[in-house]
Amino acid sequence: MSHGRGRRRGLVLLAVVAVVTLVWLALGPDDDAAFAPRDREVTEAPGSSGGDSGPGGPVGSPIERDGAEVLEPIADTDADTAAEVAAEARPAGVPARFDGRVVDLGGRPVPGARVIWHPDGWTLEARDLPLVPGRLDPADTVETLTDDAGRFVLDVHHEPARPGEPHPDRYMNPLRFPEVLVMAEGFAAAAHVCRGFQRGDWSTGDIVLRPAAVVTGLVVDDLGTPLSGVTVDASRFSFRVEWSTASDDVGQKGHPRVFLRTVTGSDGRFLFGGLDEGAGAFLLSRPGRVETTTERIQLAAAETRDLGTLVLSGGGSISGVVHDAEGLPLAGATVFTRPGGRSSADMGSDTILHLVGNATERPDLPVTDEAGRFRIEGLDGVNFTVLAARTGYEPGRTDDVAPGATGVVVRLTRQATLRLTVVDGVTGEPVPSARVEAFRAGGVAHWKDPALEVVAGDEPGTFLVARPGRVATRLVVAADGWATLRTSTAGIEAPGVREHTVSLSPEAVLAGTVVGPDGAPLSRASVSLTVGSIDPGDANAPDPLVQLTATDGRFRFVGLPALDGRIGVSASPFAPLEDEPVVLAAGERREDLILTLGLGGGVSGVIRLPDGSPAAGGSAALWRRATEGPDPFASFHVLSADAEGRFELLGLVPGDYHVQCDPGAAFDVHVAADEIAELVIQQRDDPRLTGRITDHLGAPLARVRVKAVWTVLRDGAERQLSSNTRHSDERGDYVLEVNSPGNVDVVATAPGGSRVSRPARLDWNRHEIVDIAFPGGRITGRIMDDDGRPLPGARVLVGREPVSVPAGEDGRFVVNHLAPGEHVLSAGLQGYRGATATVSLGAGTDVEDLRLVLEGEYGARLSGTVLTPSGVPVADGTYVNLLRPGGGLAGRTDLLGGAFAFEGIDPGDYELVVGNVAQAEHFGSEAWIHWRGELTLSRGEVRELEIVTED
């Protein structure tokens with residue numbers, strides 16, 4: 001098939017190959033080495049003892065998905081068919097075999113090496129395992145040992161990527177491809193990222209191990225006594241990773257952290273192997289001791305380094321007691337600390353609950369005795385926040401506690417309670433079969449709302465929800481025959497109790513059959529039903545309900561509310577059915593829906609490097625052009641190449657598509673039904689800018705910031721884009737990689753000076769040299785207050801240049817590299833009225849001893865405390881915002897002990913808001929705002945406020 005080659009300028013490639021992180025946690029402790037084997041089942045390699053190879057650990061078990069019945073209704077009324085569908089919805093995964101050979105630098109086999117398979121993001125999601133790199137338990141991986149020939153085989157089960165669906169970990173660094181980690185005594189840890197893997201078998205080829213660097217040392221206490229059981233962690237070192245089967249350095253593009261650790265023996269000594277050449281530091285830790293990081297060291301290949309004697313201090317201690325609101329001691333409370341210097345914005349009760357959840361898994365944390373007493377040891381010299389939590393109580397905290405303090409008191413308030421009654425919305429009678437899930441809303445941004453404990457009450461249809469949210473509590477209520485209800489209640493202050501009734505309406509039912517173009521039913525087709533908002537920016541919208549069709553192509557959604565939603569279906573290799581509207585009234589039962597998938601098209605081909613060789617593991621983006629609507633590209637897919645540079649993507653909706661590959665390749669292609677378009681994607685080298693930065697005499701200037709700036713047309717308006725910023729080296733040289741051709745301005749900004757811009761024209765496969773010489777004008781002077789005292793820390797801005805120069809201890813400043821002509825200098829310091837001066841520079845002349853005087857006692861000061869209606873200080877990290885007239889943030893602070901303060905405020909009118917303004921604007925709800933008021937501040941005014949919130 002033919003395709004066009006019109007390039008779309010300014011298009012940013014969305015489909016980028018994500019950074020993968022190699023994870024290895026908690027290797028078995030050994031007094032002498034970091035490679036002690038653990039007591040766990042492994043898959044034996046061919047030729048080794050232990051029987052036939054096969055899946056190890058839990059990978060051969062059915063995949064269990066998280067979610068209760070109320071969130072994922074099962075399909076079909078027939079019990080046998082429902083069981084069949086439920087089983088099909090939890091597949092064991094697709095078998096795959098990974099094999100290869102482990103050799104040393106001389107090509108000799110390495111027998112007995114440990115080889116570990118780490119799943120990709122799709123498989124992690126299917127098994128409800130952590131998607132964040134670094135949190136996967138090694139027990140959830142598969143491992144084996146190499147045989148005498150250095151060979152290994154890993155038989156695993158994985159979840160294939162689903163075409164057209166975004167990667168499950170798209171908001172983080174996704175583990176898009178599985179990884180093979182190799183560890184052997186005497187060698188540096190290595191990794192092979194199976195970049196381009198989709199399904200089937202995968203050969204890593206030869207994985208070459210390099211000789212390990214070895215680090216030893218002795219850990220002692222403050223008195224010089226050797227310390228045993230000290231954990232030595234090398235997570236701060238970087239390690240080599242292979243991205244392709246090439247045996248040379250081609251494709252080795254990343255250095256993910258490998259979490260290796262060992263412990264000191266009875267003599268306090270440790271021996272750490274498995275390190276590659278490079279820089280890093282070790283983390284030393286032991287309960288009751290101050291966690292310490294060693295100095296950063298540089299290791300050469302195969303080097304043995306003795307770090308000598310390392311001191312792990314005992315530090316200080318904090319002791320005290322945990323009381324309830326009446327002053328009675330509380331036994332069994334977990335107590336822990338956080339450095340007091342950290343931001344308290346995330347230290348509300350929701351955050352403490354999150355910390356408690358992690359902390360209770362640590363056996364080294366103290367728990368209060370029968371008298372409520374605790375003691376925490378191993379603290380350094382900073383002040384701490386002491387946190388305590390116990391079941392049945394809201395967590396508590398005491399701030400600004402110094403090591404050595406005794407008699408510290410942490411008070412806990414009994415938790416609030418929500419008494420919930422679920423009734424039939426028609427008769428008002430209780431619903432005994434109701435099921436309830438509750439979530440504490442208003443937690444820290446980027447954290448999932450914490451699930452709450454829900455217990456059945458004494459009466460049918462009643463429930464008790466422990467520790468409901470201060471802002472709101474989200475509820476999911478379901479019962480057989482009723483529509484699943486997702487609702488929220490108002491917040492409750494501890495230790496309050498609130499009654500709440502939920503009325504259920506009759507369920508709606510949607511069922512049908514998915515068939516192919518010939519009318520035959522399709523099994524295991526993915527059916528997605530959106531029952532709420534389809535706005536991707538609506539954070540409160542529930543996730544779509546997803547089912548796989550049974551062997552007869554049937555699906556069935558029960559427990560539905562009245563809805564105006566959309567339904568979609570996908571099944572390879574057919575074209576997906578996207579977002580068909582579906583409307584159901586309350587209690588309506590529609591069970592005859594027929595969803596027909598049409599013939600899909602596909603693309604296949606090869607991605608080549610600029611020199612014409614296959615791009616092993618390369619990727620490209622494929623956009624489908626929209627036929628209507630403002631978005632010119634309706635959806636996009638990722639074309640992932642294997643080790644030979646080949647790719648294939650089936651099940652595409654017929655239509656026009658745009659292909660773009662970074663760097664350089666961009667063209668259009670038409671995809672027809674039941675046809676596969678063959679593509680050759682040729683990468684090109686990015687444009688490169690190089691040059692030298694000098695002063696007016698031709699001497700090189702180091703540490704000059706350089707970037708490329710270009711203009712694009714978007715949404716009918718011109719917008720500026722820029723490259724990454726780089727700095728010139730000691731010779732004044734710089735190198736800039738730019739990912740798009742065209743006209744650019746090379747902008748250089750010198751420390752303590754102005755900026756200089758030079759135009760350039762860039763094209764693919766071309767290097768452009770742009771030298772920049774700075775002018776030689778200079779202005780020196782002093783910044784003082786109106787009493788003649790120097791103002792260190794005040795800053796000078798030259799015109800609108802993005803460079804400000806700080807004044808020294810004597811108030812003196814120097815601005816270099818200015819061109820001849822007039823320059824406006826502005827000086828400022830918080831709490832002072834700014835000053836400006838216009839200076840004329842002639843060619844080859846300087847201006848010296850310029851005086852800039854700042855008027856003092858100009859800024860106002862605003863401080864105060866925030867209390868609840870009951871008079872308790874609000875000390876949970878709530879924001880206090882000072883807003884300018886007409887909008888805009890003038891300042892923000894966090895409540896510590898209920899207090900806040902703003903310094904150096906310009907005179908004028910303001911609005912003071914207690915609460916999270918950003919969340920209120922995002923969700924369009926005042927539930928996030930606890931108090932707001934207007935005030936006017938005059939010059940130099942000092943005002944103290946006491947604010948009582950409304951909730």
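Start by selecting strands 24, 26, 27 and 30 in this predicted model: these four strands make an open sheet in the order 26-27-24-30, with mixed pairing. At the edges you will find strand 26 (454-456) and strand 30 (497-504), each of which pairs on one side only. Look along the sheet to see the twist, which averages 25 degrees from one strand to the next.

Now keep strand 30 on screen and highlight strand 24 (residues 417-424). Strands 24 and 30 run parallel, with eight bridges between them. For a landmark on this pair, pick Thr421: its bridge partner in strand 30 is Thr501.

**Next stop: strands 32, 35 and 36**

Select residues 526-530 and 563-570. These are strand 32 and strand 35, an antiparallel pair joined by five bridges. Show Ser528 together with Gly568 in strand 35, since the two are bridge partners.

Add residues 577-584, which make up strand 36; six bridges connect strand 36 to strand 35, again in the antiparallel sense. Leu563 and Leu584 of strand 36 are bridge partners here. Strands 35 and 36 form a hairpin, with six residues between them.

Zoom in on the loop of that hairpin and label Pro573, which lies between strand 35 and strand 36. What is the geometry of the peptide bond from Ser572 to Pro573? That bond is cis, and omega is near 10 degrees. As background, most peptide bonds are trans.

**Into the core**

Stay in this region and show side chains. Which residues have the most contacts inside the largest nonpolar core? They are Val514, Leu529, Leu560 and Ile567, in a core of 23 residues. To see where the core comes from, colour strand 31 (508-515), strand 32, strand 34 (554-560), strand 35, strand 36 and strand 37 (589-596), the elements that contribute two or more residues each.

Centre the view on Leu529. Setting aside neighbours within four places in sequence, Leu529 touches Leu510, Pro544, Leu545, Phe557, Leu560, Arg566, Ile567 and Val582.

Another core, of 22 residues, lies apart from the largest one; to find it, select residues including Val603, Leu639, Cys661 and Ala665.

**A buried glycine**

Move to the loop between strand 38 (601-608) and strand 39 (619-625), where Gly617 sits. Is Gly617 buried or exposed? Its relative accessibility is 2%, so Gly617 counts as buried. Draw a C-alpha to C-alpha distance from Gly617 to Ala643: the two are 26 residues apart in sequence and 5.8 Å apart in space.

**Strands 50 and 51**

Select residues 742-749 for strand 50, which is mostly covered, with six of its eight residues buried. Then add strand 51 (residues 755-762), which pairs with strand 50 in the antiparallel sense over eight bridges. Ala748 and Val756 of strand 51 are bridge partners.

**A loop aspartate and a strand histidine**

Jump to Asp810, placed in the loop between strand 56 (804-806) and strand 57 (812-818). Asp810 has a relative accessible area of 36% and is partly exposed. What does the side chain of Asp810 reach? It reaches the backbone nitrogen of Arg812, at 3.1 Å. Leaving out neighbours within four places in sequence, Asp810 is in contact with Arg782 and Pro790. From C-alpha to C-alpha, Asp810 is 7.2 Å from Leu791, with their positions 19 residues apart in sequence numbering.

Follow the chain into strand 57, where His817 lies. His817 has a phi near 60 degrees, a positive value in a residue other than glycine. At 14% relative accessibility, His817 counts as buried.

Ala302 is worth a look next. Phi of Ala302 is near 60 degrees as well, also positive in a residue that is not glycine. Ala302 lies in the loop between strand 15 (297-299) and strand 16 (304-311), and at 42% relative accessibility Ala302 counts as partly exposed. In general, most residues other than glycine have a negative phi.

**Last stop: a sheet of three strands**

Finish with strands 64, 61 and 67, an open sheet in the order 64-61-67 with mixed pairing. Strand 64 (899-905) and strand 67 (942-948) each have a single partner strand, so each has one side without a neighbour in the sheet. Neighbouring strands here are turned by 15 degrees against each other on average, ignoring direction. Strand 61 (residues 860-867) pairs with strand 64 in the antiparallel sense over five bridges; to locate this pair, label Ser863 and its bridge partner in strand 64, Ala901.

Definitions and conventions: Residues numbered from 1 in each chain as written. Predicted model: local features only at pLDDT ≥ 70, side-chain atom pairs only at ≥ 80, totals over all residues. Heavy atoms only, no water. Pairing = 2+ DSSP bridges. Axes fitted to C-alpha atoms, helices over the stretch in contact; angles between N-to-C directions. Buried < 20%, exposed > 50% of the residue type's maximum accessible area, 1.4 Å probe, protein only. Core = buried A, V, L, I, M, F, W, Y, C linked by side-chain atoms within 4.5 Å. Contact = heavy atoms within 4.5 Å. Polar contact = N/O pair within 3.5 Å; in protein donor to acceptor, adjacent residues only side chain to side chain.
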